[in-house]
Amino acid sequence: MLRNIPVNMQGYKLMITEAPQEKTRENENGQTEYVTDREGIQQFVVSLFAKRKVQPGEFAGKGEEIKVTLTADPGEGFEEGVYVQLVDATVSHWENNGRSGLSFKAGGLTPAGAQIPVAA
């Protein structure tokens with residue numbers, strides 16, 4: 001299965017619809033626990049409305065809300081309604097109990113229009 005495929009979201013306007021928060025899940029005992037990566041680093045999640053940027057005369061079509069797992073705390077200033085860019089965004093396909101979809105992950109957020117450092 002293809003995992004962590006780099007994805008270029010530069011052609012989309014991304015607006016926060018739910019501010020970043022610590023990612024949680026319900027364990028087998030029904031208790032809420034924080035989600036960490038394999039190294040034990042806390043994960044975060046943000047909900048974004050993604051809509052294609054268009055040129056004059058083009059039709060944008062409908063947008064879509066996506067949830068993005070962030071591998072680092074995005075810091076302050078990322079509230080609902082703020083336009084952002086994803087840093088080092090990837091997408092993976094998942095399947096579980098007859099359902100399937102795409103999951104998005106990013107190293108962080110930057111304000112829309114900011115210079116994103118290139119990963120070495």
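User: Does N97 count as buried, partly exposed or exposed, and at what relative accessibility?
Analyst: This is a predicted model, in which local features need pLDDT of at least 70, side-chain atom pairs count only at pLDDT 80 or more, and totals for chains, interfaces and linings use all residues. Residues are numbered from 1 along each chain as its sequence is written, and side-chain values use heavy atoms, with hydrogens and water left out. Buried means under 20% relative accessible area, exposed over 50%, and partly exposed in between (1.4 Å probe, protein chains only). N97 therefore counts as exposed, at a relative accessibility of 75%.

User: Which sign does the phi of N97 have, and about what value?
Analyst: N97 lies in the loop between β8 and β9; strands (E, at least two residues) are DSSP runs numbered from the N terminus. Most residues other than glycine have a negative phi. N97 is not a glycine, yet its phi is positive, at about 50°.

User: In which loop is D88 found?
Analyst: D88 also is not a glycine and has a positive phi of about 50°. With a relative accessible area of 48%, D88 is partly exposed. Its place is the loop between β7 and β8 (90–96).

User: What is the order of the strands in the open sheet?
Analyst: Two strands pair if DSSP finds at least two bridges between them. The edge strands, each pairing on one side only, are β1 (5–6) and β10 (108–111). The pairing is mixed, and the 8 strands follow the order β1-β8-β9-β6-β5-β2-β7-β10.

User: Which residue stands opposite L86 in β10?
Analyst: β7 and β10 run antiparallel and are joined by 4 bridges. Within β10, the residue opposite L86 is L109.

User: Which strand gives the most to the largest nonpolar core?
Analyst: A nonpolar core is a set of buried Ala, Val, Leu, Ile, Met, Phe, Trp, Tyr and Cys residues joined through side-chain atoms within 4.5 Å. The largest one has 18 residues, and L48, V68, L86 and L109 have the most contacts inside it. At least two residues of this core come from each of β2 (12–22), β5 (44–52), β6 (64–70), β7 (83–87) and β9 (99–106). The strand that gives the most, with 4 residues, is β5.

User: Which side chain does T69 join through a polar contact?
Analyst: T69 is in strand β6 and counts as buried, at 11% relative accessibility. A polar contact is a pair of N or O atoms within 3.5 Å; within protein, one must be able to donate a hydrogen and the other to accept it, and residues adjacent in sequence count only if both atoms are side-chain atoms. At 2.8 Å, the side chain joined to that of T69 is K23.
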